[in-house]
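Student: I'd like to learn how to read aromatic pairs, surface patches and odd backbone angles in a model. Can we walk through one together?

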Amino acid sequence: RFDMSDCNPVNTPAHHNVRLTKSQEPTTPSELESMKNKPYRSIVGSLMYSMVATRPDIAFAVGACSRHLANPGMTHLTAAKRVLRYLKGTHSMHITYHTNTNTQISAAYTDSDYANCSDTRKSVTSYVIKMAGGAVAWRSRVQRTTATSSVEAEYIALNECAKEIMWMRTFLAELSVPQQGATLIRLDNAGAEALAKNPVHHDRTKHIDVKYRYIRECIENGCITLMHTDTKENLADIFTKPLEKRVFQQHRQGLVD
């Protein structure tokens, strides 16, 4: 029987010094047997439901756990339990949307952690979009392709954020809530910002430009504009890696303010 009703709460969903890897997966018969009846997949599935529906603050931690569903180890189970402990201590937290605010997308943030995955060296795409005083869309996901630089990783994440914004703008227009002017995306990588704004490129960025030029078209069409922001103020940073308590709580508050 799995019962964590008496567990001790923690302040963050993931320990900032712990990374989950395939090397922590069980390999010996005894290790495999010890995990045989552990409800790891059930825990992660329930956490995914919470993350997608109402709890963006656990997105990175749940995403990290979900990469090991096929062969979880005790380290992965401990990490999943930590998310439950975090939720117990923050069960009263929620996103509040204000009806007295305007109907425009108020802010969007995008970020990437270059080569975050220790097993594949792929980077993490993250973004969050806010409207009516709270987060309405968010993502934390390992990129499908391997970025060859931090600029490329940030540029890929920027394109994903742009796609989500364009879908939202179209959807809101169909609801008779058209967006006035360009939607602002904040990012903390000057190289990715310059690549998106500047049509001039050289051999080192040509492959990036060809594959991910969607954001440039959005900028040229006047639907999206970019603004550089300090990493300390980039809310999407919460979706890229485990953060220490103070920084995590600061970004978490920004998701609901």
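Tutor: Sure. Let's start with a cut-off: a residue counts as buried under 20% relative accessible area, exposed over 50%, and partly exposed in between. Keep in mind that this is a predicted model.

Student: Okay, then is Trp167 buried or exposed?

Tutor: Trp167 has a relative accessible area of 52%, so it is exposed. Try the cut-offs on Phe171 too: its value is 39%, which means partly exposed.

Student: Got it. Now, how do I read a pair of aromatic rings?

Tutor: A pair of aromatic rings is described by two things, the distance of the centres and the angle of the planes. Searching the whole structure turns up two aromatic pairs. Tyr86 and Phe248 make up an edge-to-face pair, with 5.7 Å centre to centre and 80° between the planes.

Student: Where do Tyr86 and Phe248 lie?

Tutor: Tyr86 is in helix H4 (residues 74-89) and Phe248 is in helix H9 (residues 245-256), so this pair ties together parts that are 162 residues apart in sequence. Both Tyr86 and Phe248 are buried.

Student: And what kind of pair do Trp167 and Phe171 form?

Tutor: That one is stacked: the centres of Trp167 and Phe171 are 5.2 Å apart, and the planes are at 10°. Both residues sit in helix H5, four residues apart, which is about one turn of the helix.

Student: Which residues form a nonpolar patch on the surface?

Tutor: Here the stacked pair turns up again. Trp167 and Phe171 join Leu175 in a nonpolar surface patch, and together the three have about 340 Å² of accessible area. Residues need over 30% relative accessible area to be in a patch. Leu175 is at 49%, so it counts as partly exposed. Leu175 belongs to the loop between H5 and E4.

Student: Last topic, the backbone. Which residue in the loop between helix H5 (150-174) and strand E4 (183-187) should I look at?

Tutor: Look at Ser176, which is in that loop. Its phi is near 65°, a positive value in a residue other than glycine. With 64% relative accessibility, Ser176 counts as exposed.

Student: What about Arg121, what is its phi near?

Tutor: Near 60°, so again you have a positive phi in a residue other than glycine. Arg121 is in the loop between strand E1 (105-113) and strand E2 (124-131). Its relative accessibility is 46%, so Arg121 counts as partly exposed.

Technical notes. Residues are numbered from 1 along each chain as its sequence is written. This is a predicted model: local features need pLDDT of at least 70, side-chain atom pairs count only at pLDDT 80 or more; totals for chains, interfaces and linings use all residues. Side-chain values use heavy atoms; hydrogens and water are left out. Helices (H or I, at least four residues) and strands (E, at least two) are DSSP runs, numbered from the N terminus. Buried means under 20% relative accessible area, exposed over 50%, partly exposed in between (1.4 Å probe, protein chains only). Rings of Phe, Tyr and Trp (its six-membered ring) pair if their centres lie within 6.5 Å; planes under 30 degrees apart count as stacked, over 60 as edge-to-face and the rest as tilted. Patches are made of residues with over 30% relative accessible area and no salt bridge: like charges are joined within 9 Å, nonpolar side chains (Val, Leu, Ile, Met, Phe, Trp, Tyr) within 5 Å. Accessible areas come from the Shrake-Rupley method with a 1.4 Å probe; for residues, only the protein chains shown count as cover. A salt bridge is a side-chain nitrogen of Lys or Arg within 4 Å of a carboxyl oxygen of Asp or Glu.
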